[in-house]
Amino acid sequence: MRRVAPLLVSLGLVAAVVVPYLALGGGRFEPTPVADPCEARVRPDAEGLAETLEAIALAGVDGVACELGVSREELVLALRSEEALDEFSDEQGLDREELEQAITDGLVRAVDDADERGSLPGFVAPLVRRAAESVPPWLILETLERLGGLLPG
Amino acid sequence: MRARLLGVAVGLALADSSIVTLALPDVLGQFDVAITSVAWVLTSFNLVLAVVAVPAAYVSRRRPRESFALGVVVFAAASLACGLAPSFDVLVGARCVQAVGAALIVTAALDLLAQLEGSDERALRIWVAAGVLGAALGPAAGGILTQLLGWESIFLAQVPLALVLLLAVRGVTGRAARTPAGRPSIPANAALLLVAGGLVAALFLVVLLLVDGWGMSPAAAGLVVTVMPLVAIAVSRLRPAGLGPVQGIACGVVLLAGGLTALALMPRAGWGWTIAPQVLVGAGLGLTVAGLTEYALRDRPDQVVHGGWTIAARHAGVVLGLVLLAPVLTTALDENRDEAIRAGAAVVLDSEIPPLDKLGVAQDVLAEVDRANEIGELPDVERALEERPEDDGWRALRDGLQEQLDRAVTSAFSGPFLLAAALTLCALLPVGLMRRPVA
């Protein structure tokens, strides 16, 4: 027993540090996992047109991401430029045209949902829908954001 | 006085095994070299020191005074060449020569210390403590010099310092060895190799995490990491009398591995969380390195040669640690970077900054990630958002992004710390073979 006592003391000292660290979240201090885009998010009510368009864009992106089986964040990052979208479609093994169509459809769906809920002023909905249908996907988020800044809200 | 100078010489020579840790990004910035190659500035010194330590010891045992003087001159000349190196190849070549000088200094100093102190035991204690202090303080010292004067100053500052150390051998004749050196202690040196491999994480990675990971200044990080050598020296002095040599070493291995495990499990980012693990590592360092070196040398007919074996084992361990841990860290940082970018994108999208600014911010953050990646650094959130307002929404965004960066960096270091802990625990196998009772 005397031979192992110092070892036991050493192990006790180690436990005195490691156990509290584990209890305080040690080993789990890593980048926060992104949310599942297929699960509904709780969003604060949008105030003004800019926030409404942002909410529509995010809801649209969530829908497309859910359909494609990727995260909302990955899709948003892919939508920042044409090169990023190319890279994303290669990485995911997706056909580029189908991907663009899926993005357009998802955004149009989000605009229709918002229109049905009455979240968009009457004259804005067709404008936004038109933008979602005609603007290239890598410019769509920026376009929606700019629209929010340009239109009277 | 001369014994102190010899201690400084040992500390200076062995500090060079880790002194360029924080200077690597600057070296990378100066020379057109791949990120994966820049670590050769560190590895080459340790590899050459491991290879030449024993031959240098054989030279030093015959003519310790001359070997020390030659070592100092070679070390100083090579340091000058490092500081003035026009190319990366010259820098690495000069580091190899510097290691040859360091090997002569360290091995000859052991003999000269014994002569000055009149006791092999006291000489060994000074020699071991100086080496531990040098290796532990090297990264911080190098970081401070790099921050203040540039990476070249690390080497240029060593030139006059090394030459002053020549005073240490004035009037000392040295004791030319006559007896055969005998075989080295395989278990003690094998354990030293494994422990040194694990210590790479404590001595190199902690300071890298503090400075490059969490954005501390090298000076502040240097202050934080002095915990390890201070505890190591305190433990080796206050060691309980009833603790047997092998028992003490085994306890040290457990404490060291435990400290490394605790470093892998830090629940938050911040220097305060490194203190308790550093205390464990320091205690382990004091018990293992000193204990194993004393075990390898005590009652041996020739301390210098066996001292050379311990230096060879320790620095082979450093090379092993660098070879094992560096790729694990690099891979983890790469993997975590993608995760952090996604988590950062979520922070931006869910933030309360004006919607019109969100895409612009995301672009700025990604541009900063790319910039930092190109020069082998971690992204700087403040830099990415430097021209943005200071209101609550933006402050929350900054904090959120910094939190994700801290999480990514801290968790990337977890794997290497755990691997180092496992490597250290492997030392218990050779320690188990150390049955010879030591007086």
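R95(B) is buried in this predicted model, with a relative accessible area of 0%, and D16(B) comes out at 0% as well, so it also counts as buried. The side chains of these two residues meet in a salt bridge, with N and O 3.0 Å apart. R95(B) sits in helix α6 (residues 88–117) of chain B, while D16(B) belongs to the loop between α1 and α2 of chain B, so this pair, 79 residues apart, links distant parts of the chain.

Right beside D16(B) in the numbering is S17(B), found in the loop between α1 (2–15) and α2 (24–30) of chain B. S17(B) is tucked away too: its relative accessible area is 4%, so it is buried. A polar atom of the S17(B) side chain lies 2.8 Å from the backbone oxygen of L14(B). Setting aside neighbours within four places in sequence, S17(B) touches L42(B), F45(B), N46(B), A135(B), F204(B) and H315(B). From S17(B) to G142(B) the C-alpha distance is 11 Å, with the two positions 125 residues apart in sequence.

Another buried charged pair turns up elsewhere in chain B. R61(B) and D302(B) form a salt bridge whose closest N and O atoms are 2.3 Å apart, and both residues are buried. R61(B) lies in helix α4 (residues 40–62) and D302(B) in the loop between α14 (272–297) and α15 (303–349), so the bridge ties together parts of chain B that are 241 residues apart in sequence.

E403(B) and R407(B) make a more local bridge, as both lie in helix α18 (residues 392–426) of chain B, 4 residues apart, or about one turn of the helix. Their side chains meet at 2.8 Å, N to O. E403(B) is partly exposed at 33% relative accessibility, whereas R407(B), at 19%, counts as buried. In chain A, a network of salt bridges links E82(A), D86(A), R96(A) and E100(A). Over all chains, the count comes to 24 salt bridges.

How many disulfides are there over all chains? The count is 1. C38(A) and C66(A) form a disulfide, with their sulfur atoms 2.1 Å apart. The torsion about the S-S bond is about 110°, so the disulfide is right-handed. Because C38(A) lies in the loop between α1 and α2 of chain A and C66(A) in helix α2, the pair ties together parts that are 28 residues apart in sequence. Both ends are partly exposed, C38(A) at 45% relative accessible area and C66(A) at 31%.

Why is C82(B) not bonded to C96(B)? The sulfur of C96(B) is the closest cysteine sulfur to that of C82(B), but the distance is 9.1 Å, which is too far for a bond. C82(B) is buried, with a relative accessible area of 0%. For C251(B), the closest cysteine sulfur is in C426(B), 18 Å away, so again too far for a bond. C251(B) counts as buried at 3%.

As for where the chains meet, 38 residues of chain A are in contact with 40 residues of chain B. The area buried between them is about 3500 Å², with carbon and sulfur atoms giving 71%. The interface holds 2 salt bridges, including that of E74(A) with R342(B), at 4.0 Å between the closest N and O atoms. It also has 5 residue pairs in polar contact. On the chain A side, the elements giving two or more residues are α1 (5–23), α2 (48–68), α3 (72–78) and α7 (137–150). The largest share, 10 residues, comes from α1(A). Residues on this side divide into 18 nonpolar, 7 polar and 13 charged.

Conventions:
Residues numbered from 1 in each chain as written. Chains lettered and ligands numbered in written order. Predicted model: local features only at pLDDT ≥ 70, side-chain atom pairs only at ≥ 80, totals over all residues. Heavy atoms only, no water. Contact = heavy atoms within 4.5 Å. Buried area = accessible area lost by both parts, 1.4 Å probe. Polar contact = N/O pair within 3.5 Å; in protein donor to acceptor, adjacent residues only side chain to side chain. Nonpolar A, V, L, I, M, F, W, Y, C, P; charged D, E, K, R; others polar. Disulfide = S-S within 2.5 Å. Buried < 20%, exposed > 50% of the residue type's maximum accessible area, 1.4 Å probe, protein only.
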